[in-house]
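Student: Got a minute to go through this one with me? I'd like to talk about rings and pockets.
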Amino acid sequence: MTRAMIAGCSGLSLSAEEARFFRDAEPWGFILFKRNVDTPDQVRALTAQLRETVGRADAPVLIDQEGGRVQRLRPPHWPDYPPGRAYGELYARDEAFGREIARLGARLIAHDLLSLGITVNCMPVLDIPIPGASSVIGDRAYGSQPRVVADLGRAAADGLLAGGVLPVLKHIPGHGRAGVDSHHDLPIVDVPLSDLEMCDFVPFRLLSDLPLAMTAHVVYKAIDERHPATTSSVVISRVIRQAIGFGGLLMSDDLSMNALSGTAEARARASLNGGCDVVLHCNGDLDEMRRVAAEVPLLAGEANARAAAALKRSAAGAEPFDPVEGMACLTLALATAA
């Protein structure tokens, strides 16, 4: 059995203390950040070390490698990929071509990740930014229309899956209206439920068959005036599970973000009580991780079944692919658009 948490680590390799903690706590998975990345060989060694601590070769290792502003792997060892909006601009000129290039970009990212032992990528971003919203989403979004975002999000998810990497829908049920950055403050969205249903929820509903999703630390006053989606049983049960129809593994966004209140362990309890299947703790603070792990149960019941189903989706492995040819095609497409 594994614990219902995904944990970060502090550096380029595990300390003896971190290794002991992971061995005892048995988190379901791990997540890497820029602080954990130097060279390809170093990242491969770290992912192997993480899995060794829990004794599971299939333990998920996650990363945020969207392209644009949000990519933990960067030159000189890895390519710079464009933000989601670049694919939206191609799609505006030719929808089929835009979909093809969005899938190709994700397929290239999957090739990079899988070669390092990273098996889950926290994309596609299905948020729909509106004028006047915080720039935290901005050009990370594929566009401003639900159909465009859903179409390109599906293409990107297909590209990751073809490369043997699991996609994570984010930030369900929609972060695009947030007026502040949830890393620093709690966004409160005050629009009628009908507006959310006709716009924000649409891409998530159309991709609800995918295996993993990450919550938004956002309050939707029309649904729950007090709690952000991450800790709201109303949002998770009525919107994410029922209205959107998402049946996969639901993870919280990072517990360390300032949109949430209380201690790290209180945030973990609130997220799980609200209906998240697993909690995500990213900052690598070992003392905090210990306190969180003490509050987080082992995966069981429906949550465990969803986790197993997600891993089964990645077991198929990667399709044959020529990364050199793929990168040449992506570069040409982006240059043509520019």
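Tutor: Sure, and keep in mind that this is a predicted model. A good place to start is Phe 22 and Phe 30, which are both buried.

Student: And Phe 21, buried or exposed?

Tutor: Phe 21 is buried, as is Phe 22.

Student: OK, rings then. How many aromatic pairs does the structure hold?

Tutor: Two. One of them joins Phe 21 and Phe 22, with 5.4 Å centre to centre and 55° between the planes, which makes a tilted pair.

Student: Why is the pair of Phe 22 and Phe 30 edge-to-face?

Tutor: Because its planes sit at 80°, and the cut-off for edge-to-face is over 60 degrees. The ring centres of Phe 22 and Phe 30 are 5.0 Å apart.

Student: Which residues end up in the aromatic cluster?

Tutor: Phe 21, Phe 22 and Phe 30 form one cluster together.

Student: Switching to pockets. How much space lies in the largest pocket?

Tutor: About 360 Å³. The lining has 22 residues, and the closest to the pocket centre are Asp 64, Arg 72, Arg 140, His 183 and Asp 253.

Student: What's the lining like by class?

Tutor: For the largest pocket, you get nine nonpolar, eight charged and five polar residues.

Student: Which strands each supply at least two residues of that lining?

Tutor: Strand E8, covering 169–172, and strand E12, covering 249–254, each supply at least two residues to the lining of the largest pocket.

Note on methods. Residues are numbered from 1 along each chain as its sequence is written. This is a predicted model: local features need pLDDT of at least 70, side-chain atom pairs count only at pLDDT 80 or more; totals for chains, interfaces and linings use all residues. Side-chain values use heavy atoms; hydrogens and water are left out. Rings of Phe, Tyr and Trp (its six-membered ring) pair if their centres lie within 6.5 Å; planes under 30 degrees apart count as stacked, over 60 as edge-to-face and the rest as tilted. Buried means under 20% relative accessible area, exposed over 50%, partly exposed in between (1.4 Å probe, protein chains only). On a 1 Å grid over the protein atoms alone, a cavity is a set of points where a 1.4 Å probe fits but cannot get out, and a pocket is an open set with protein on both sides within 12 Å along at least five of seven lines; lining residues have an atom within 4 Å of a point. Grid points are joined across faces, edges and corners, and a volume is the space filled by probe spheres set on the points. Helices (H or I, at least four residues) and strands (E, at least two) are DSSP runs, numbered from the N terminus. Ala, Val, Leu, Ile, Met, Phe, Trp, Tyr, Cys and Pro count as nonpolar, Asp, Glu, Lys and Arg as charged, and the others, Gly among them, as polar.
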